[in-house]
Amino acid sequence: MKLPITGGCLCGAVRYEISVKPASSFNCHCRTCQKALGAPYLAAMLVPSSALTITGNYKEYATIAASGHVVYRAFCPECGTALFGRNSAFTKLRPVSASTLDDPSIFRPQKDIWVADAQPWDYMNPDLPKFDGNPWH
Ligand SMILES: [Zn+2]
Ligand SMILES: [Zn+2]
């Protein structure tokens, strides 16, 4: 994987750079991701917060996760692209949307999470481990 990893929103107003290899990669099929993205699931990489450099102004929308923690979802106020997030309880790592990478083909999902919320038409790779909810706690 070539570093830094770069990406940004549809209009280009918000850009980001990731200076290290992601800690993990997953597809989240939860209902909140479906709504927030207007897509069947979120393809995301967890990256160290200290390794994520963001330029441009973005807005955040807060939701309460099943865990009770606040999840902030960041999007470009100009074009609406959902870019990254942060969790009030896990500040060391941040999820970044793999679909917003300049080269999304480098993304290698390792697991499917919140598959209990997945839609029947959301086809998943049968070879990936599946978790009904959040596998981290
Ligand atoms: Zn934009
Ligand atoms: Zn989700």
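## A hairpin to start with

Let's begin at a turn. Strands 7 and 8 make a hairpin, with 6 residues sitting between them. In that turn, Gly-80 has a positive phi of about 85 degrees. Bear in mind as you look around that this is a predicted model.

The two strands, with strand 8 covering residues 82-87, run antiparallel and pair over 5 bridges. If you want a spot to look at, find Phe-75: opposite it, in strand 8, stands Ala-82.

## The hairpin before it

Strand 7 has another partner too. Residues 70-75 make up strand 7, and it pairs with strand 6, residues 59-64, again in the antiparallel sense, this time over 6 bridges. Two of the matches are easy to trace: Glu-60 has Ala-74 as its bridge partner in strand 7, and Thr-63 has Val-71.

Strands 6 and 7 form a hairpin as well, with 5 residues between the strands. Here Gly-68 is the one to look for, with a positive phi near 95 degrees.

So how many of the 6 residues of strand 6 are buried? The number is 0, so strand 6 lies largely in the open.

## What's inside

Now for the interior. The largest nonpolar core has 28 residues, and Cys-28, Ala-44 and Leu-83 have the most contacts inside it. Several strands chip in: strand 2 (15-18), strand 3 (24-28), strand 4 (42-48), strand 7 and strand 8 each supply at least two residues of this core. Which strand gives the largest share? That's strand 4, with 5 residues.

Cys-28 is worth a stop of its own. Leaving aside residues up to four places away in sequence, Cys-28 touches Cys-33, Tyr-41, Leu-42, Ala-44, Ile-113 and Trp-114. One of those, Ala-44, is also on the list of residues with the most contacts inside the core.

## The whole chain

Stepping back, the chain has 1 helix and 10 strands. Follow the sequence and you get the pattern β-β-β-α-β-β-β-β-β-β-β.

As for overall dimensions, the C-alpha trace spans about 35 × 30 × 30 Å along its principal axes. A compact globule of 137 residues would have a radius of gyration near 14 Å, and the chain has 14 Å, so the two agree.

Buried residues account for 31% of the 137 residues. And if you take the contacts between residues at least 6 apart in sequence, 53% of them join residues at least 24 apart.

Conventions
Residues are numbered from 1 along each chain as its sequence is written. Chains are lettered from A and ligands numbered from 1 in the order in which they are written. This is a predicted model: local features need pLDDT of at least 70, side-chain atom pairs count only at pLDDT 80 or more; totals for chains, interfaces and linings use all residues. Two strands pair if DSSP finds at least two bridges between them. Helices (H or I, at least four residues) and strands (E, at least two) are DSSP runs, numbered from the N terminus. A nonpolar core is a set of buried Ala, Val, Leu, Ile, Met, Phe, Trp, Tyr and Cys residues joined through C-beta atoms within 7 Å. A residue is buried if 20 or more other C-beta atoms lie within 10 Å of its own, exposed if 12 or fewer, and partly exposed in between; C-beta atoms are placed from the backbone. Two residues are in contact if their C-beta atoms, placed from the backbone, lie within 7 Å. The radius of gyration is taken over C-alpha atoms; the globule rule is 2.2 Å times the number of residues to the power 0.38.
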